[in-house]
Amino acid sequence: MTATAQGYVTVIWDAKARPGREAELKAFITAAVTPSRNDPGNIDYEAHEVEGHPGEFVIYERWETRAHLDSHLAAPRMRELVPQMLELIDGSIEDGIRLLRPFRPAN
């Protein structure tokens, strides 16, 4: 991932709960939102559940710079949370990550 021309980094993370773990994953994500919002360089950190698809979630994050995102990902609490998260999600964390790069017309 690289920072956009404007300097900020936008990340979308799609996650699907393992069967029977939907409520646990929702509670896990809910608990992670406020600490992540308080990390240095965070612009936005929003959690969403996909309407009509219980247990499917989308996290939208914006960070001032790639360095801020990297610092967030390397935080001790994140290293502790990842193994717990892997037990709750279907697939890998990396499979659900997408970087958004804004573009605008020339004029």
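Start by selecting the largest nonpolar core, which has 21 residues. Colour Trp13, Leu25, Phe28, Ile29, Met85 and Ile89, the members with the most contacts inside this core. Strand 1, helix 1, strand 3 and helix 3 each supply at least two of the core residues. Keep in mind while you look around that this is a predicted model.

**Leu25 and Gly55**

Stay with Leu25 and bring up its surroundings. Leaving aside neighbours within four places in sequence, Leu25 is in contact with Lys16, Ala17, Gly55, Phe57, Leu88 and Ile89. Two of those names, Leu25's partners Gly55 and Ala17, are worth a look together.

Where does Gly55 sit? You'll find Gly55 in the loop between strand 2 and strand 3. Gly55 has a relative accessible area of 3%, so it is buried. Now show everything that touches Gly55: not counting residues up to four places away in sequence, that gives Ala15, Lys16, Ala17, Glu22, Leu25 and Glu49. Draw a distance between the C-alpha atoms of Gly55 and Ala17 and you should read 5.1 Å, although the two are 38 residues apart along the chain.

**Into the pocket**

Next, switch on a surface and look for the largest pocket, with a volume of about 400 Å³. Its lining takes in 21 residues, and Leu73, Met78, Met85, Ile93 and Ile97 lie nearest the centre. Met85 should already be coloured, as one of the residues with the most contacts inside the largest nonpolar core.

Which element gives the most to the lining of the largest pocket? That's helix 3, with five residues. To see the wider frame, select strand 1 (9–16), helix 1 (22–37), strand 3 (56–63), helix 2 (66–74) and helix 3 (76–88), each of which supplies at least two lining residues. Colour the lining by residue type and you get 16 nonpolar, two polar and three charged residues.

**A buried aspartate**

Jump to Asp39, in the loop between helix 1 and strand 2 (42–49). Is Asp39 buried or exposed? Its relative accessible area is 14%, and the cut-off for buried is under 20%, so Asp39 counts as buried. Show its contacts and, not counting residues up to four places away in sequence, you'll see Trp63, His72 and Arg77.

**Salt bridges**

Last stop: charged pairs. Side chains of opposite charge can pair when their charged atoms come close. A search of the whole structure finds seven salt bridges, and here are three to click through.

- Asp14 and Arg98: the side chains meet at 2.8 Å, N to O. Asp14 lies in strand 1 and Arg98 in strand 4 (residues 97–100), so the pair ties together parts that are 84 residues apart in sequence. Asp14 is partly exposed at 29% relative accessibility, and Arg98 is partly exposed at 43%.
- Asp44 and Arg62: the closest N and O atoms are 3.0 Å apart. This pair links distant parts of the chain, with Asp44 in strand 2 and Arg62 in strand 3, 18 residues apart. Asp44 counts as partly exposed at 23% relative accessibility, as does Arg62 at 21%.
- Arg21 and Glu24: here the closest N and O atoms are 2.7 Å apart. Arg21 has a relative accessible area of 25%, which makes it partly exposed, and Glu24, at 39%, is partly exposed too.

Conventions. Residues are numbered from 1 along each chain as its sequence is written. This is a predicted model: local features need pLDDT of at least 70, side-chain atom pairs count only at pLDDT 80 or more; totals for chains, interfaces and linings use all residues. Side-chain values use heavy atoms; hydrogens and water are left out. On a 1 Å grid over the protein atoms alone, a cavity is a set of points where a 1.4 Å probe fits but cannot get out, and a pocket is an open set with protein on both sides within 12 Å along at least five of seven lines; lining residues have an atom within 4 Å of a point. Grid points are joined across faces, edges and corners, and a volume is the space filled by probe spheres set on the points. Helices (H or I, at least four residues) and strands (E, at least two) are DSSP runs, numbered from the N terminus. Ala, Val, Leu, Ile, Met, Phe, Trp, Tyr, Cys and Pro count as nonpolar, Asp, Glu, Lys and Arg as charged, and the others, Gly among them, as polar. Buried means under 20% relative accessible area, exposed over 50%, partly exposed in between (1.4 Å probe, protein chains only). Contact means heavy atoms within 4.5 Å. A nonpolar core is a set of buried Ala, Val, Leu, Ile, Met, Phe, Trp, Tyr and Cys residues joined through side-chain atoms within 4.5 Å. A salt bridge is a side-chain nitrogen of Lys or Arg within 4 Å of a carboxyl oxygen of Asp or Glu.
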